[in-house]
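Biologist: I would like a close look at a single part of this protein. Please start there and then work outward.

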Amino acid sequence: TDSCKPKIGCVHVNNTGACKDWNSCTSGDICKGGKCVPGKPKVCDDGNACTTDSCKSPGGSCVFAINTATCDDGNKCTEQDNCKAGACAAGTTKVCDDKNGATLDSCLPTTGACHHVKAGPAKGATIGAGADFTCQLQTDGTVRCAGRDHRGQLGDDNGCVDSAKPVQVVGVKGAVAVAADGLHGCALLSDGKLRCWGYNSKGQLGNNMQWYANCTNVTWPPKSHPVTGTSKYTAVAVGGQHTCAVTDKGEVYCWGSSDSGQIGYAGTSNNYNKVPKQVNDLLKGKLKATAVTAGITHSCALLSDGTVACWGSNASGQLGDGTTTNRPKAVAVSGLAGTVAISAGGHHTCALKAGGSVVCWGANIKGQLGNGTKVQSLKPVAVKALANAKSIAAASTHTCALRNDGTAVCWGGNADGQ
């Protein structure tokens, strides 16, 4: 503070007033010790660890320069992540190999914990039921079917003649599981191969062929046909007009109709694919699949950490992601963990949890979700008054569970006494 005193002349006394340090990147400058001291620096934080943030003076504009610093991509299964082009790029993948060929090894992204899930023996059912036919695995590794045969779904190469008695599927030997739905069936063999039979209008037999009615066709007789490819499978599921299977590497392959995205990738211009192809972006490949299930136009996989991913038609919320948007790529079922088994019905899906409880989601017009309402649910809801379940099966509009004591309970549509 400047003043003039008559006896001594000019006097300059230090003050603590406001001042300007002529730096545009500070504010609230004050005087201290006879100098202008910079105030609070301007904050130039864009929240991106992959940019070096600074303020440019004069002008006071923020500058965000791309760097190559170390960073965290949020995935605990990657190490030594580094910034690249202004974004955090995943580093090396954590190795979770327990050197055991009988397990599927994967890493849980949220914790970095390794999971080692037993890969075999092959998982599947001994009975498969289609729209109007049923197939059963025999103790000698063959498969027998009974019912309608107008599309060759009995697989006995006998001119598509219906049979009230089980007839043997031609070409199936060494089977360990069978699956059926719609108008076709498939058998998983002990060597990891698949053979399918029946209707093939959308390539659902996976043999790189397509036909509608094959009862009298010498080239495509109504018997089992080998699924194309060299993959070895551990589980198979049959949907309305598509098929999905889990490989011994924990991958999921699907084929057949893709009109609603149920095979997990884009099909041909005619909305189908005649050979197996890996499901797109099954949660970015971070986890392995241990089981698969197929509904009329949607599919789901059980993953090694107990979560579930689904894809395909979602008009009734059967994918469980909280929306009704069809998904040609796999999405996680909302809030679901601790799952040990899954089953897809017509337009709903159910999951068995480790403690023996069951949750379901999707269509509920007949009460097939078992939660005491007939309102569809876009996320999993608990089945009421059910405990100690050990297996589940979802059908078109009803669902059943087998309990530990050997009793069975069912809920949903019952117009035909199902």
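How many bridges join strand β21 to β22, and do they run parallel or antiparallel?

Modeller: One caution before the details: this is a predicted model. Two bridges join β21, residues 194-198, to β22, and the two strands run antiparallel. Within this pairing, cysteine 196 stands opposite histidine 225 of β22.

Now the sheet around that pair. It is open and has four strands, in the order β19-β20-β21-β22, with antiparallel pairing. β19 (175-181) and β22 (225-226) each have a single partner strand, so they stand at the edges and one side of each is left without a neighbour in the sheet. In general, strands of a sheet pair through backbone hydrogen bonds.

Next, the loop between β21 and β22. Asparagine 207 has its place there. Its relative accessibility is 12%, under the 20% cut-off, so asparagine 207 counts as buried. The side chain of asparagine 207 makes a polar contact with the side chain of asparagine 200, at 3.4 Å. Leaving out residues up to four places away in sequence, asparagine 207 touches Asn200, His225, Pro226, Thr228 and Lys274. His225 is thus a contact of asparagine 207, and histidine 225 is also the residue opposite cysteine 196.

From β21 the path leads into the nonpolar core. The largest such core has 34 residues, and Leu194, Val252, Trp255, Leu282 and Trp311 touch the most other members. β23 gives the most to this core, with five residues. Apart from it lies another core, of 15 residues, including Cys145, Val169, Ala175 and Leu189. As a general rule, nonpolar side chains in soluble globular proteins tend to be buried together.

Take valine 252 in the 34-residue core. Not counting residues up to four places away in sequence, valine 252 touches Ala245, Val246, Lys277, Gln278, Val279, Leu282, Ala289, Val292, Ala301 and Trp311. Leu282 and Trp311 are also on the list of residues that touch the most other core members.

Two of those contacts, Ala289 and Val292, lead to strand β27. Six of the six residues of β27 (289-294) are buried, so this strand is largely enclosed by the rest of the structure. Five bridges join β27 to β28, residues 298-303, and these strands run antiparallel. A hairpin of three residues makes the connection between β27 and β28. Alanine 289 stands opposite leucine 303 in β28.

Trp255 brings in the aromatic side. The structure holds one aromatic pair. The rings of tyrosine 233 and tryptophan 255 have centres 6.4 Å apart and planes at 55 degrees, so the pair is tilted. Tyrosine 233 lies in β23 (233-238) and tryptophan 255 in β25 (252-257), so the pair ties together parts 22 residues apart in sequence. Both partners are buried: tyrosine 233 has 7% relative accessibility, and tryptophan 255 has 0%.

Last, a second loop. Aspartate 321 has its place between β29 (308-312) and β30 (327-332). Its relative accessible area is 16%, and aspartate 321 is buried. The side chain of aspartate 321 makes a polar contact with the side chain of asparagine 314, at 3.1 Å. Beyond four places in sequence, aspartate 321 touches Asn314, Arg327, Val331, Ala332, Ser334 and Leu378.

How values were computed: Residues numbered from 1 in each chain as written. Predicted model: local features only at pLDDT ≥ 70, side-chain atom pairs only at ≥ 80, totals over all residues. Heavy atoms only, no water. Pairing = 2+ DSSP bridges. Buried < 20%, exposed > 50% of the residue type's maximum accessible area, 1.4 Å probe, protein only. Contact = heavy atoms within 4.5 Å. Polar contact = N/O pair within 3.5 Å; in protein donor to acceptor, adjacent residues only side chain to side chain. Phe/Tyr/Trp six-rings, centres within 6.5 Å; stacked < 30°, edge-to-face > 60°. Core = buried A, V, L, I, M, F, W, Y, C linked by side-chain atoms within 4.5 Å.
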